[in-house]
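Ready for a little practice in reading a strand and its surroundings? Have a look at the sequence and model below, then try the exercises.

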Amino acid sequence: MSVAAIAIAVGPVVAGLVGQPAGTVYQVERWRDIKSEMLPLLKRHWREVALNHEAVPLDIDHEQYDALDEREALHILTVRRQGLLIGYHVAIVTGHLHYKSTLHGITDVYWIAPECRHGVTAIRMFQAVERELVKLGVRKLFTATKLHMDQGPLFERLGYKPVERLYAKLVGG
């Protein structure tokens, strides 16, 4: 199944949403078509959210993203306001090593520009992600949140359940 761009226009005029600026569009887009536009946002995202900048520099694996995109295993839902890219959700769509017959969506990254974080933008983004992934046959979606920028209440409001805790440690060097 192709993940060609499917625009879902959402705004007070179209959907009657309070607090959602007119002209906000949630759509599936291909990495090959938007990577140059996404890279500056990925850098802003990394500066805001990532820890250990010195030890773990941002170093996008373009070849891996390109390969996943070519196999249509990379799912990108963008958020645009008046045509400008203001956010994204990126997931890898794949079988699972333990549940081969169940298609999973494993969130790689998600972000909305800080100046656009108001109203229901994040909620609408995740609702659109779910709708689009279901169309691809995804049965289970995994996402995470940074403890220092906890989005747990958002996910719980959307029906997600906490299922594990992830730990990290810098080693070697």
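Three exercises follow, each with a worked solution.

This is a predicted model, in which local features need pLDDT of at least 70, side-chain atom pairs count only at pLDDT 80 or more, and totals for chains, interfaces and linings use all residues. Residues are numbered from 1 along each chain as its sequence is written, and side-chain values use heavy atoms, with hydrogens and water left out.

**Exercise 1.** Work out how covered strand E3 is and which way its residues point.

*Solution.* Start with the element: strands are DSSP runs of E with at least two residues, and helices are runs of H or I with at least four, numbered from the N terminus. E3 spans residues 74-81, and 8 of its 8 residues are buried (under 20% relative accessible area, 1.4 Å probe, protein chains only). Next, sort the directions: Leu74, Ile76, Thr78 and Arg80 point one way, while His75, Leu77, Val79 and Arg81 point the other. In a regular strand, side chains alternate between the two faces of the sheet.

**Exercise 2.** Find the strands that pair with E3.

*Solution.* Pairing requires at least two DSSP bridges. On E2 (residues 24-29), 6 bridges lead to E3, antiparallel, with Tyr26 opposite Val79. With E4 (residues 84-94) there are 8 bridges, also antiparallel; here His75 partners Ala91. Finally, check the turn: 2 residues separate E3 and E4 in a hairpin, and Gln82 has a positive phi of about 50 degrees.

**Exercise 3.** List some residues that Val90 touches.

*Solution.* Using contact as heavy atoms within 4.5 Å, and not counting residues up to four places away in sequence, the partners of Val90 include Leu74, His75, Ile76 and Met38.

Technical notes. Buried < 20%, exposed > 50% of the residue type's maximum accessible area, 1.4 Å probe, protein only.
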